[in-house]
Amino acid sequence: TTLFRSRDIELKGGETRTATGLPTEVSYTVTEAAVTGFLTEMSGDTGTISETEAAAADFTNTRETGDLTVSKTVESENAVDTAKEFAFTVTLSDTTISGTYGDMTFTNGVAEFTLKADESRTAEGLPTDITYTVEEEEVSAGYTNTGKTGDTGTISTDPQTAEFVNTYEASGSVVLEAYKETNELLGKELREDQFSFELYQGDES
């Protein structure tokens, strides 16, 4: 006659349970219920009780992690715009996350940083199954948010990417007066297009 007996137990990280006084020569199987977001490695989960050698079933759970990349693209014909900084905030649903993860440093689940044109930052090793939101602070005059993708989502083992695109378009008008001081015109008549001027856009910051 084969008798099957089972018992359910719960263990936290670092805990153990020991069954003593078991009869020898009986076989055993230890199974762990699947836990979302963890990889499980096991050893000694099946075997036979021996009088001379203690049986041990070891289970190791490793948290699955994923990466989040935030990237910035600026569409502009003005070279000065490549140096302009844009502010971002990443907010995680797990407010217990603090510390440095790759290129981002979190405090209570929030990371703040700036990006220039064509720059990116990656948060590495974030726990899977938590959600995130990436927000860009309101951009200055002349810049328009012309596209964003992946600004909300869930961390998974597949890399997540939040992409932001800003386009610069100058608007409005201005009247400029230029004064040319020269001795070349003394006693002479000014001809059209005799002098030329170049206008450069500066960075208002």
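This is a short tour of two sheets, one buried strand residue and two residues with unusual backbone angles, all in a predicted model.

**Stop 1: the mixed sheet**

Start by selecting strands E10, E5, E14 and E12. Together they form an open sheet of four strands in just that order, with mixed pairing. At the edges you will find strand E10 (120–127) and strand E12 (143–149), each of which pairs on one side only. Neighbouring strands in this sheet are turned by 15 degrees against each other on average, direction ignored.

Now keep just E5 (residues 65–75) and E14 (residues 160–168) on screen. These two strands run parallel and are joined by eight bridges. For a landmark, select Lys72, and look across to Phe164 in E14, which stands opposite.

**Stop 2: the antiparallel sheet**

Next, bring up E9, E6, E11 and E13. They make another open sheet of four strands, in that order, and the pairing here is antiparallel. E9 and strand E13 (152–154) are the edge strands, pairing on one side only. Between neighbouring strands of this sheet, the average turn is 20 degrees, direction ignored.

Zoom in on E11 (residues 131–136) and E13: three bridges hold this antiparallel pair together. One residue to pick here is Thr131, whose bridge partner in E13 is Thr154.

**Stop 3: Val90**

Stay with this sheet and select Val90, which lies in strand E6 (residues 86–92). Is Val90 buried or exposed? Its relative accessibility is 0%, so Val90 counts as buried.

To see what surrounds Val90, show its contacts beyond the neighbours within four places in sequence: Leu68, Val70, Met104, Phe106, Gly109, Val110, Ala111, Phe113, Thr133 and Val134. If you like a distance to check, draw a line from the C-alpha of Val90 to that of Glu136: the two residues are 46 apart in sequence and 9.0 Å apart in space.

**Stop 4: two positive phi angles**

Finish with the backbone. Most residues other than glycine have a negative phi, which gives the last two selections their interest.

Select Glu25 first. This residue is not a glycine, yet has a positive phi of about 70 degrees. You will find Glu25 in the segment before strand E1 (27–29), and with a relative accessible area of 65% it is exposed.

Then move to Asn108. Where does Asn108 sit? Look in the loop between strand E8 (104–106) and strand E9 (110–115). Asn108 is not a glycine either, and its phi is positive at about 55 degrees.

Methods: Residues are numbered from 1 along each chain as its sequence is written. This is a predicted model: local features need pLDDT of at least 70, side-chain atom pairs count only at pLDDT 80 or more; totals for chains, interfaces and linings use all residues. Side-chain values use heavy atoms; hydrogens and water are left out. Buried means under 20% relative accessible area, exposed over 50%, partly exposed in between (1.4 Å probe, protein chains only). Two strands pair if DSSP finds at least two bridges between them. Axes are lines fitted to C-alpha atoms, for helices over the stretch in contact, and angles run from 0 to 180 degrees between N-to-C directions. Contact means heavy atoms within 4.5 Å.
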